[in-house]
Amino acid sequence: MVPDKNGYFGGFGGKFMPETLMFAVQTLERVYHKFIQDKEFRKELNFYLNTYAGRPTPLYFAPNLSKKLKIKIYLKREDLCHTGSHKINNALGQILLAKKIGKRRIIAETGAGQHGVAVATVSALFGMKCAIYMGTEDIKRQRLNVYRMKLLGAEVVPVESGTRTLKDAINEALRDWVTNVQTTHYLLGSCLGPHPYPVMVRDFQSVIGREAKTQFLKIERKLPDYLVACVGGGSNAIGLFSPFYLDKSVRFVGVEAGGCGLNTGFHSATLEKGKPGILHGTKSYVLQDKKGQILSTHSVSAGLDYPGAGPEHSFYKDTGRAVYVSVTDKEALEGFRTLSETEGIIPALESSHAVAYLKKIPKHKTVIVCLSGRGDKDMEQAVKYIKINE
Ligand SMILES: *Cc1c(COP(=O)(O)O)cnc(C)c1O
């Protein structure tokens with residue numbers, strides 16, 4: 001799906017930015033359009049994706065879980081990427097673009113810390129200065145990732161405003177960008193923000209779906225019935241879905257964080273419970289009250305704990321190309337445990353949402369699930385919530 005020249009997918013997207021950032025956003029748009037088609041650029045990006053990030057990632061047939069659920073399940077193993085999640089695909093793409101624009105400093109936001117770690121990693125690789133904005137609530141919850149970022153040479157900037165979580169970190173990163181736009185690239189972590197970020201992040205993540213499609217066709221000699229992925233901002237999901245956009249027989253299911261349940265107010269189910277609005281420079285579904293104030297969100301997985309979702313997903317929802325569902329914290333924790341026990345693969349709590357949804361897929365169908373990340377970062381949460389027989 002190609003957005004219009006103003007960056008709209010149907011009624012969603014655009015760029016709602018302060019004047020001071022318009023020039024930077026337009027420069028990025030020009031450079032992105034120039035290089036995304038450029039053979040040399042693609043070659044350089046592929047070099048780093050293959051030799052540094054560990055691509056292509058396997059498409060693994062999960063025999064035990066398939067047998068248990070009576071569907072045919074393939075896992076796209078983004079958990080095997082360097083730094084432990086799909087975030088590195090986009091971080092590498094954007095830092096190479098930043099180099100082309102001549103930027104020497106990188107800033108980013110992070111919630112769980114996965115994006116922060118990916119950005120700190122590529123900044124170390126390319127010798128760039130790096131500052132990561134992170135809410136103090138998340139700093140507390142994700143101590144080990146804070147240490148990782150510092151070890152990689154990044155400065156972690158604590159954010160005390162608002163609910164002290166991801167959306168507040170994005171606000172502060174935008175403020176930094178306004179001040180330092182001459183030298184600095186804002187390396188946004190999901191398919192959000194003003195145009196060209198949603199389409200650019202989508203393009204860098206669509207390596208997931210392109211690989212999965214080739215791999216699946218080679219094994220099964222047909223297309224899958226379903227694609228399933230968790231949705232925070234939506235980058236791993238859109239990365240898997242978009243190369244199948246024109247394959248109308250393939251159903252897309254985005255799984256949001258249902259938290260304590262959609263009627264409790266403690267969830268992050270933006271596409272199911274939100275209304276169109278503007279957040280962080282783009283028009284999309286947003287969790288907001290009647291006056292347009294952003295609602296606070298909840299999820300057991302910090303990476304899904306965000307009150308917005310990308311404009312392309314908003315468009316997929318309204319056109320019916322994808323359906324958006326949710327599973328609760330409890331179901332996600334069950335999915336986490338089930339995949340560990342059946343396949344010997346410990347998924348990230350975010351990815352566990354996609355795994356947990358599989359029991360609702362009709363019998364005998366074939367499914368590709370995006371395993372967006374590995375669960376090592378979630379052990380403290382797991383110890384707290386999952387009791388194992390002693
Ligand atoms: C960040 C993250 C997500 C959520 O982000 P999307 O942009 O929705 O993909 C999901 N899974 C993992 C492992 C993550 O680190």
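Let's start at Lys-87: in this predicted model, an N or O atom of the Lys-87 side chain sits 2.8 Å from an oxygen atom of the ligand. Gly-233 also faces a ligand oxygen, and here a backbone N or O atom is the partner, at 3.2 Å. Then look at Ser-372, where a side-chain N or O atom is 2.7 Å from a nitrogen atom of the ligand. How much of the ligand does the protein cover? On its own the ligand has 390 Å² of accessible area, and the protein covers 96% of it.

Now zoom out a little. There are 18 residues around the ligand, and those that come nearest are Lys-87, Ser-190, Gly-234, Ser-235 and Ser-372. Sorted by class, that shell has 12 polar residues, four nonpolar ones and two charged ones. And the space the ligand takes up is the largest cavity.

Let's move on to the cysteines. How many disulfides does the structure hold? The count is zero. To see why, remember that we call two cysteine sulfurs a disulfide when they are within 2.5 Å. For Cys-130, the closest cysteine sulfur belongs to Cys-81, and it is 19 Å away, so that is too far for a bond. Cys-370 has its closest cysteine sulfur in Cys-230, at 7.1 Å, and again that is too far for a bond.

Are these two cysteines buried or exposed? Cys-130 is buried, with a relative accessible area of 9%. Cys-370 is buried too, and its relative accessible area is 0%.

Thanks, everyone! Please find these residues in the structure and have a look for yourselves.

How values were computed. Residues numbered from 1 in each chain as written. Predicted model: local features only at pLDDT ≥ 70, side-chain atom pairs only at ≥ 80, totals over all residues. Heavy atoms only, no water. Near = heavy atom within 4 Å. Polar contact = N/O pair within 3.5 Å; in protein donor to acceptor, adjacent residues only side chain to side chain. Areas by Shrake-Rupley, 256 points an atom, 1.4 Å probe, with all protein chains shown as cover. 1 Å grid on protein atoms, 1.4 Å probe; cavity = no way out; pocket = protein on both sides within 12 Å on 5 of 7 lines; lining within 4 Å. Sits in = over half its atoms within 2 Å of the grid points. Nonpolar A, V, L, I, M, F, W, Y, C, P; charged D, E, K, R; others polar. Buried < 20%, exposed > 50% of the residue type's maximum accessible area, 1.4 Å probe, protein only.
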